[in-house]
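Here's a quick briefing to keep beside the structure while you click around. Have a look at the fold first, then work through the points below.

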Amino acid sequence: MTRRPRRTAPALLVSLVLLALGALAATSAIQTLLGRTPVVSLDAVPSALSGVAWESPAVLIVAGVAALVGLVLLLAAILPGSSHVLPVGTAPATAGGTGEWGPWSGGGVETAGWHRNDLALRLRRRAATVEGITGATAKVRRRSVKVVARTHRATTDDLRQAVETALSSDLDTLGLTARPRLRVSVSSTRKER
């Protein structure tokens, strides 16, 4: 199970541009039907564009920008974003003793996972349970977890090892399909004199 972020920004951008163009065309058409002067004359646009040569720098620049924006929107829609969920692995289960497995067998498919924010919260709380640690921050990336623990003690060497051991055992019990690399640092809030 790999949940990817929704691509709302490109979809919102395209929909707003199309909405604005549609509203402008509808407004101009309604104004023309009512006999009023339209915001954008339907005859003015073709007559203004008829005098422009295809080779002119303005046309080439506008075409290049439109092509670049289209390519960026296309890549944003096609390429997957980073996953928000770290999947938990499951062992294959057989379907009715036939030796086959899949989503119909009731197991063997990754159907659970840890959201990055939830995993960071769990590791932060676990680090705070180590004796001598007053607080911690955790950042979960695609392949790594960085935890910074705080203490009032002057020496932090023993605490770093204790926090790393506690967090490593906690990560091992979660059953993640790809265990992220753990980086732990401990900072002292005590000012040296």
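**Salt bridges, starting with a buried acid**

Aspartate 170 has a relative accessibility of just 9%, so this residue counts as buried. Keep in mind that everything here comes from a predicted model. Aspartate 170 pairs up with arginine 122 in a salt bridge, and their closest N and O atoms sit 2.8 Å apart. The acid belongs to helix α5 and the arginine to helix α4, so this pair ties together parts that are 48 residues apart in sequence.

- On the other side of that pair, arginine 122 is partly exposed, at 30% relative accessible area.
- How many salt bridges are there by this rule? The count is three.
- Another of them brings together the side chains of arginine 160 and glutamate 164, at 2.5 Å from N to O.
- Those two are four residues apart in helix α5, so about one helical turn separates them.
- Both ends of this bridge are partly exposed: arginine 160 has 32% relative accessibility, and glutamate 164 has 23%.
- Arginine 179 and aspartate 172 also form a salt bridge, with 2.8 Å between the closest N and O atoms.
- Arginine 179 is partly exposed as well, with a relative accessibility of 40%.

**The chain at a glance**

- The protein chain has five helices and five strands.
- Going along the sequence, you'll meet them in the pattern α-α-α-β-β-α-β-β-α-β.
- Of the 193 residues in the protein chain, 23% are buried.
- If you take contacts between residues at least 6 apart in sequence, 59% of them join residues at least 24 apart.

**The sheet**

- Three strands make up an open sheet, in the order β3-β4-β5, and the pairing is mixed.
- β3 and β5 are the edge strands with a single partner each, so one side of each has no neighbour in the sheet.
- From one strand to the next, the twist averages 20°.
- β3 and β4 run antiparallel and are joined by seven bridges.
- The link from β3 to β4 is a hairpin of three residues.
- To see how the two strands line up, find lysine 139, which stands opposite lysine 146 in β4.
- Isoleucine 133 also has a bridge partner in β4, namely threonine 151.

**Helices on the sheet**

- α4 lies across β3 and β4, and its direction is at about 155° to β3.
- α5 packs on the sheet too, where this helix touches β3, β4 and β5.
- The direction of α5 makes about 145° with that of β5.

**The nonpolar core**

- Nonpolar side chains tend to be buried together in soluble globular proteins.
- Which residues touch the most other members of the largest nonpolar core? They are Leu119, Val147 and Leu167, out of 24 residues in that core.
- At least two core residues come from each of β1 (85-88), α4 (116-128), β3 (133-140), β4, α5 (157-174) and β5 (181-188).
- The biggest contribution is from α5, which gives six residues.
- Leucine 119 is a good place to zoom in: leaving out residues up to four places away in sequence, leucine 119 touches Leu86, Trp114, Val140, Leu171, Leu174 and Leu176.

**A closer look at serine 144**

- Serine 144 lies in strand β4, which covers residues 144-151.
- Is serine 144 buried or exposed? With a relative accessible area of 10%, serine 144 is buried.
- Setting aside residues up to four places away in sequence, serine 144 touches Lys139, Pro180, Arg181 and Arg183.

**How far to trust the model**

- The mean pLDDT of the protein chain is 82, with 84% of its residues at 70 or more.
- Residues 101-105 are a stretch to watch, as their pLDDT is below 50.
- This stretch still has eleven contacts in the model beyond near neighbours in sequence.
- Predicted coordinates should not be read in detail where pLDDT is low.

Definitions and conventions:
Residues are numbered from 1 along each chain as its sequence is written. This is a predicted model: local features need pLDDT of at least 70, side-chain atom pairs count only at pLDDT 80 or more; totals for chains, interfaces and linings use all residues. Side-chain values use heavy atoms; hydrogens and water are left out. Buried means under 20% relative accessible area, exposed over 50%, partly exposed in between (1.4 Å probe, protein chains only). Contact means heavy atoms within 4.5 Å. A nonpolar core is a set of buried Ala, Val, Leu, Ile, Met, Phe, Trp, Tyr and Cys residues joined through side-chain atoms within 4.5 Å. Two strands pair if DSSP finds at least two bridges between them. A salt bridge is a side-chain nitrogen of Lys or Arg within 4 Å of a carboxyl oxygen of Asp or Glu. Axes are lines fitted to C-alpha atoms, for helices over the stretch in contact, and angles run from 0 to 180 degrees between N-to-C directions. pLDDT is the predictor's confidence in each residue, from 0 to 100.
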